[in-house]
Amino acid sequence: MTSPVLSPTTGEPASVIFRRDRLGLIFLVVADFSGTMALIISYVYLWSLNVNNGWAPNQQTFGNNDLLKSRSPLPWAADWPFWAILALTLVATIVLWMGIRSMRSGHRGGLVAAAALSTIILIAAIALQWWQITTFPFGPGNGAYASAVFLLTASVLAHLLLAGFLVLAVTNRTRAGLISSDKPFQARLVGYWMVWVCVSILLGAIVTTFMKDSPNTTPANFGEFSLYNPDAPTPSPSASPSPAQ
Amino acid sequence: MSAATIHQVQVPQPKQHGKPGGIMRHLNFFTGLVSGVVLALVFGYVMSLQFPAGALTANFANAAAGPVFWAMMVGWVVGFMGGMGAFVGPIRWLLGRDLTHADAEFMAGKDQGKFRYWRFTTDHKVVGIQYLIVAMIILGFGGLLAMLIRTELGITWMEVFNPDFYNSLVGTHGIAMIIAMIVVVSGPVGNFIVPLMCGARDMAFPRLNALSIWLLVCAVPPLILSLLVGGIRDGWSVYQPLNAQAGPGMIGYQTTIIVFAVSTALASVNIMTTVLTMRAKGMTWSRTPILIYGAFAAAAMGLYAFPFYMYSQILSMTDRLVNTSFFNPIEGGSVWLYQNLFWLLGHPEVYVILIPSIAVMMEIIPVFMRKPLFSYYMAIAGIVGVVGLSGLVWAHHMYMTGWAPQANYPFMLSTEMISIPVGFLVLVVIGTMWRGAFWSRLPMMAVFAVIFNKMIGGVTGVYLSDVPADQYFHGNMFVTAHFHYMLMGAGLFGAMGGIAYYFPKMTGRYLDERTGSIGFWTAFAGFQITFMSMFVAGLQGQPRRVLQFDNMFDISNWISTIGAYVIGIGMLIFLAAIMSSWRSGQAAPSNPWQAQTLDWQTATPVPLENFPVLPVVTKLPYDYGVPDPLAPKKLEEQYDEKVGAPS
């Protein structure tokens, strides 16, 4: 019978530390889930209200935009990077877990290779996310849809950067022998985090894909505000834009 | 490979790189301060280069001011935390340089004397003391602003401050006090006492513990600096669109909230994990002290609610800096979205403050009445009920905003329902006191003060939860008086009782009973004068957050201002009692109150590893005098039969 691996700092068995760390990670994910839900709720709230017909002004953000079409082979162009990033992150997660499984059967090199490959895939996902943010055919101020999508993509980027850091660390630590078949716990914790990153990206992808055209086609219209200028001529009343515009 | 002896066990050690602690030996608060200031200046300068000289916004404001102040805030946070050593751990982990036992002992502050309080120290007792001091500093700052506010309102014949500055005082006072009240019990008690009470050697994540306290320290300067660049003129809730229209000072507020929310989330994770995984052997859920339930409940509410507040400020910040339109109705945004996100934290936060305070009271009463806690299970039910309902009451703050009028009555119902579990807690407190052997000491005095204040705060809260009554009271001084009775009357006076109770364990000395009591009762009397009079002003219809008001409110405001000065004098006396007792008070034994929880069973001063041998729990810690007929003896016996009674 082999003696359990002990933590060098507290002397407790590494498995005890792992269970504690796993619970802590679950609580961190709960907090992060709340934050992600704040973004999702904001998106859905503004989508449902379409305040001042400003959810997606003149539909410029959707598939009828020529610039967007020119950049994308698909009709749901604004969304495909989201799904592609999700696919890449999912692959990175699966590869990492395969590495963890191979290490369980004694192949430490398997985890080193898998974590390295996972890091490379995550770098590709980060690059794709960066490309998406920098090439949106709209600015963050072009309506509530644009704002919400920008913040969702920024959130995904932040999650991916953290995931990239963690998986890179797993690669390095496994190579150095600090993660091994008798102490695989840190790799598993990073694997759990990767699963949550996939879920958070999926939530964003779902709302941006399936909740684009606001259901509120008769939104309240507030007109236009401008700085008060007593010398300016009285503006003539203008018709409010219709949802079809 | 070398080995270290930890609790009589030989444990293999990783390679020791240099002296224990490594680069952390050279990092402390002062290096953090210097690098924070330097990086803030550098970031601000770099950002200012992006704007041509004299660039103006559409409404003729300085275009560079907001982004430059934002860059300075980012520079401050990164620089301060980097200078403290917060990034050393992750980098060491990435590079594969794991801590040795000697490193961990250095990080815990072993043999470093008082200087360990200025470092990124991981020992939970050091962090608990740090929380106490930081909370008192923030309370002092917020209290000073309160004095200035009352000075303005009391001097009814002239304006003391510029109206904009007055508004800034109100907003900054509000958020400073909210932050202080959140941490004044949960911080010191949650970090110093809870691990001891659990019978643990430290918190679950010691480095996360140090990170959470230094993030809190990091969050304070942006709030103070914001006063110099326009301040927070819209109350602590900074509703949209006032938030968007405010000057760069709002960025200071937003930075504070974002950093504080991260700090709170990390502290919550730590407390919850400690409670769930590190309770002593035999400490089943039916033998767990009620304070642990309270700390866990507060952490749980903070964990799910604070991210909403954080994101309300992140979205506000992007609206301001990169022109997103979450809260701009012209571009499809909604100010109601802000209010929903804000109050999703804003109301649970009241219970984040109250529950630990009441839980401390429930620890104090059995000790000073020498009686078991009355109906332990009712206390747990009360705490669980409050946590469960806390997330369903936020919109009672929005009755008068016009958002979803159909939702007003369901929210009225849920808000009034929450008085049921709160009532459970009050019943437990009163039931425990009933026919007890009363031991009159300052902690017990605080219990009476809290009950008195909480009854008034609770009853007036029922009026405010009522939609028709709220139409009259909303936005007037009645509301201000009500929430001061809840947050200050119950929260702060409870915290003072908690400090008096745990002072001997935290410092090894008794709190000067005489001076402390004089300060406490002076503050209590001042509190009643201030806020009873404020209730009158509210009933008469005086709006809150307003500098100028009709002469009919003069007398109420004079009385309130006199009361506020009395509170200030009382607090200074109480502070003097703390400082003199800490420095040269009467030495206390390890268990001066003869309490039965584990925190009192270890030596004072508490050794670095808390307990020489981890304790085993065999009963509820409220076994004084006549047993409580409702105590879970049967469950204990069942557990002992199933698991085996600890020897």
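Start in chain B of this predicted model by selecting B:Thr5, whose bridge partner in strand 2 of chain B is B:Gln10. Keep that selection on screen and add B:Ile6 and B:Val9: B:Val9, in strand 2 of chain B, is the bridge partner of B:Ile6. Now widen the view to residues 3-6 and 9-12 of chain B, which are strand 1 and strand 2. These two strands run antiparallel and are paired over four bridges. Two residues sit between the strands of this hairpin, and B:His7 has a positive phi near 50°.

**Next stop: a long-axis check in chain B**

Select residues 124-154 of chain B, which form helix 5. Try putting a distance label on the C-alpha atoms at its two ends; they are 43 Å apart. With 31 residues at 1.5 Å a residue, the helix should span 45 Å, so the distance agrees with expectation. Is helix 5 of chain B enclosed or open to the outside? Of its 31 residues, 22 are buried, so the helix is largely enclosed by the rest of the structure.

**Over to chain A**

Hide chain B for a moment and colour chain A by secondary structure. You should find six helices and zero strands, in the order α-α-α-α-α-α from the N terminus. Chain A has 245 residues, of which 40% count as buried. If you have a contact map open as well, look away from the diagonal: among chain A contacts between residues at least 6 apart in sequence, 74% join residues at least 24 apart.

For one helix pair in this chain, select residues 80-104 (helix 3) and 185-210 (helix 6) of chain A. Their axes come within 9 Å and cross at roughly 160°. That angle is over 145 degrees, so helix 3 of chain A is roughly antiparallel to helix 6 of chain A. The crossing of these two helices is left-handed. To see where they meet, show side chains on helix 3 of chain A, including A:Phe82, A:Trp83, A:Leu86, A:Leu90, A:Trp97 and A:Ile100. On helix 6 of chain A, the residues that take part include A:Gly191, A:Met194, A:Val195, A:Cys198, A:Ile201 and A:Ala205. The spacing is worth a look as you rotate the view: an α-helix has 3.6 residues a turn, so residues three or four places apart point the same way.

**Where the chains meet**

Bring chain B back. The contact between the chains involves 44 residues from chain A and 46 residues from chain B. On the chain A side, helix 1 (14-49) and helix 5 (143-175) each supply at least two residues. Which helix of chain A gives the largest share of the side that touches chain B? It is helix 1 of chain A, with 16 residues.

Zoom in on helix 1 of chain A together with helix 10 of chain B, residues 290-321. These helices pack at an angle of about 45°, with their axes 8 Å apart, and are therefore oblique to each other. The crossing is right-handed. Residues making the contact from helix 1 of chain A include A:Phe27, A:Val30, A:Ala31, A:Ser34 and A:Ala38. Helix 10 of chain B brings, among them, B:Tyr304, B:Pro307, B:Phe308 and B:Tyr311.

**Backbone oddities in chain B**

Most residues other than glycine have a negative phi, and most peptide bonds are trans. A few places in chain B make good selections with that in mind.

- B:Asn323, in the loop between helix 10 and helix 11 of chain B, has a positive phi of about 65° although it is not a glycine. B:Asn323 is partly exposed, with 15 other C-beta atoms within 10 Å.
- B:Arg370 is in the loop between helix 12 and helix 13 of chain B and has a positive phi of about 50°. B:Arg370 has 14 C-beta neighbours inside 10 Å, so it counts as partly exposed.
- B:Gln240 and B:Pro241 are joined by a cis peptide bond, with omega about 5°. B:Pro241 belongs to the loop between helix 7 and helix 8 of chain B.
- B:Thr604 and B:Pro605 are also linked by a cis peptide bond, with omega near -5°. Look for B:Pro605 in the loop between helix 20 and helix 21 of chain B.

**Last stop: B:Ser465**

Select B:Ser465, in helix 16 (residues 442-465) of chain B. Is B:Ser465 buried or exposed? With 21 other C-beta atoms within 10 Å, B:Ser465 is buried. Leaving out residues up to four places away in sequence, B:Ser465 touches B:His396, B:Met412, B:Thr415 and B:Glu416. Finally, draw a line from the C-alpha atom of B:Ser465 to that of B:Cys198: the two residues are 267 residues apart along the chain, and these atoms are separated by 37 Å.

Terms used:
Residues are numbered from 1 along each chain as its sequence is written. Chains are lettered from A and ligands numbered from 1 in the order in which they are written. This is a predicted model: local features need pLDDT of at least 70, side-chain atom pairs count only at pLDDT 80 or more; totals for chains, interfaces and linings use all residues. The expected span of a helix is 1.5 Å times one less than its number of residues. A residue is buried if 20 or more other C-beta atoms lie within 10 Å of its own, exposed if 12 or fewer, and partly exposed in between; C-beta atoms are placed from the backbone. Two residues are in contact if their C-beta atoms, placed from the backbone, lie within 7 Å. Two strands pair if DSSP finds at least two bridges between them. Axes are lines fitted to C-alpha atoms, for helices over the stretch in contact, and angles run from 0 to 180 degrees between N-to-C directions. Angles under 35 degrees count as roughly parallel, over 145 as roughly antiparallel, 65 to 115 as roughly perpendicular and the rest as oblique. A crossing is left-handed if the near helix is turned anticlockwise from the far one by less than a right angle, and right-handed if clockwise.
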